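Have the sequence and the 3D view open side by side, and let's take a walk through them together. We'll go one stop at a time.

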Protein chains: 2
Amino acid sequence: MSKRIETLIAQADKNCTARGTRLTAKRKQVLAGLLNCKRALSAYELVDYCEQEFGETFSAMSVYRILEFLEQEQLAHRLNLANKYVACSHICEHHSHDAPQFLICQSCHKVSEIIIPPNTVSALKQTVADAGFELKSPQIEMNCICNDCKTKALGRDHRNKQHSVAHSQSTTAMTTQAGT
Amino acid sequence: MSKRIETLIAQADKNCTARGTRLTAKRKQVLAGLLNCKRALSAYELVDYCEQEFGETFSAMSVYRILEFLEQEQLAHRLNLANKYVACSHICEHHSHDAPQFLICQSCHKVSEIIIPPNTVSALKQTVADAGFELKSPQIEMNCICNDCKTKALGRDHRNKQHSVAHSQSTTAMTTQAGT
DNA sequence: TGAATTACGTTATGTTATAACATTGCACAA
DNA sequence: TTGTGCAATGTTATAACATAACGTAATTCA
């Protein structure tokens, strides 16, 4: 395991101790698995991954419980769009975790945890409030294609585009779309 | 079934014919089920709902296939956050369906399909592009609490708020949060 | 009419998630 | 040092969501 990951886990351990919770050996292994693997993993994938990488066997049940713990401790995030899990990318930062936003590549499951500009977030919240709702968690997840996969796809792309509904858009910032 | 729903289904039928696809009896029933029920339904819930309301039995398999068809025809949407499905709220409108946005009440599963202002959408897209990704579909789903459920919850709310991490936020538009 | 296509039925299975209860192991008090 | 209590983990079963594979019926159209 890389030095970087060891450092992160040491930090996570400190954070837990400070909060009066325990980052046990098992929990460290699951977190290490998430940190080690660049992409989002399902609980069951994580079971396999930990088995391969660390020779540790977990029941799916344990992994779910541990993931729940890691989420509470803000060491990992559940991605609802993908039903997968990732390590938090801000373990070392004293970061408020107010509004995590995730870009999930549909092709390779690479995940980027980004910061959306506060005024964009506030505009979203206002729109939501106008509709008579309130954001429960400001976590926003978006299905994307990462540039790597987009590039790879360009060669072999002439998909069955059955219904070419107008995709003209009143926005200016739209980048060109692969394969359309 | 209400007159309104019959009208919507007639319109949906026309749309399909115009596109060279068929809104069969079974497909109409599933669509009617979605339209009739105000909240989001899972495929299996839809099976039960149609059985109760219309005395029609579907296998889950059929419902999945029909939902897939309805999605293609933009008569229904799959909500990835909830693994549930809703009728499109714009069946009668010649609406581009560019950027459907959904607010999903975590408590009662009520769904509101809203329009986010174009400049907010374009700001999001720019942020995503800066991170080296591209929005695959501009569909955005947000976990919310609707005002009804929030009101109901106020009486009985003093949850186990273990870790009161700072929730101060640099935005101005945040409405007060239930139960915190 | 008959071939092709589309829709639907059926069964099996895969995937994600939780419930329920048993067991282990550590911390702390007596 | 031994209980006692609680947190963590193990184990089994099952719920909930989804798709694969293949067969049959219905519809379209040459």
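Let's begin where protein meets DNA: a polar side-chain atom of B:Thr24 lies 2.5 Å from a phosphate oxygen of DNA strand C. Keep in mind that what you're looking at is a predicted model. B:Arg65 goes for another part of the DNA, with a polar side-chain atom 2.5 Å from a base nitrogen of strand C. Chain A joins in too: in the side chain of A:Asn83, an N or O atom is 3.3 Å from a phosphate oxygen of DNA strand C.

Now zoom out a little. How many residues surround DNA strand C? There are 16, and the closest are A:Met61, A:Arg78, B:Thr24, B:Ser62 and B:Arg65. Three helices each supply at least two residues of the surface near this strand: H4 of chain A, plus H2 (25-36) and H4 (60-72) of chain B. And which parts of the DNA are involved? If you take the atoms of strand C within 4 Å of the protein, 45% belong to sugar or phosphate, and the rest belong to bases.

While you're at chain B, have a look at two spots where a charged residue sits over a ring. B:Lys26 lies over the face of B:Phe58, at 4.8 Å from the ring centre. B:Arg27 does likewise over the face of B:Phe69, at 3.6 Å from the ring centre.

Back to A:Asn83, which we met touching the DNA backbone. Where does this residue sit in chain A? You'll find A:Asn83 in the turn of a hairpin formed by strands S1 and S2 of chain A, with 4 residues between the strands. A:Asn83 has a positive phi of about 50°. The two strands pair in the antiparallel sense over 4 bridges, with S1 covering residues 76-79. To see how they line up, find A:Ala76, which stands opposite A:Ala87 in S2.

Strand S2 also leads us to a set of aromatic rings. Over all chains, the count comes to 3 aromatic pairs. One of them is A:Tyr44 with A:Tyr64, an edge-to-face pair at 6.1 Å centre to centre with 70° between the planes. That pair links distant parts of the chain: A:Tyr44 is in helix H3 (residues 43-54) and A:Tyr64 in helix H4 (residues 60-72), 20 residues apart. A:Tyr64 also pairs with A:Tyr85, and because their planes are at 85°, with the ring centres 6.5 Å apart, this pair is edge-to-face. Here the link runs from helix H4 to strand S2 (residues 84-87), and the two residues are 21 apart. Put together, the ring pairs link A:Tyr44, A:Tyr64 and A:Tyr85 into a cluster.

Are these three tyrosines buried or exposed? A:Tyr44 is exposed, with a relative accessible area of 53%. A:Tyr64 has 36% relative accessibility, so it counts as partly exposed. A:Tyr85 comes in at 7%, so it counts as buried.

Our last stop is A:Gln101, in strand S3 (residues 101-105) of chain A. Its relative accessibility is just 1%, so A:Gln101 counts as buried. What does its side chain reach? The answer is the backbone nitrogen of A:Ile116, at 3.0 Å. Leaving out residues up to four places away in sequence, A:Gln101 touches several others, including A:Ser112, A:Glu113, A:Val121, A:Pro138 and A:Ile140.

Key: Residues are numbered from 1 along each chain as its sequence is written. Chains are lettered from A and ligands numbered from 1 in the order in which they are written. This is a predicted model: local features need pLDDT of at least 70, side-chain atom pairs count only at pLDDT 80 or more; totals for chains, interfaces and linings use all residues. Side-chain values use heavy atoms; hydrogens and water are left out. Rings of Phe, Tyr and Trp (its six-membered ring) pair if their centres lie within 6.5 Å; planes under 30 degrees apart count as stacked, over 60 as edge-to-face and the rest as tilted. Buried means under 20% relative accessible area, exposed over 50%, partly exposed in between (1.4 Å probe, protein chains only). A charge sits over a ring if NZ of Lys or CZ of Arg is within 6 Å of the ring centre and within 35 degrees of the ring normal. A polar contact is a pair of N or O atoms within 3.5 Å; within protein, one must be able to donate a hydrogen and the other to accept it, and residues adjacent in sequence count only if both atoms are side-chain atoms. Contact means heavy atoms within 4.5 Å. Two strands pair if DSSP finds at least two bridges between them. A residue is near a molecule or strand if one of its heavy atoms lies within 4 Å of it.
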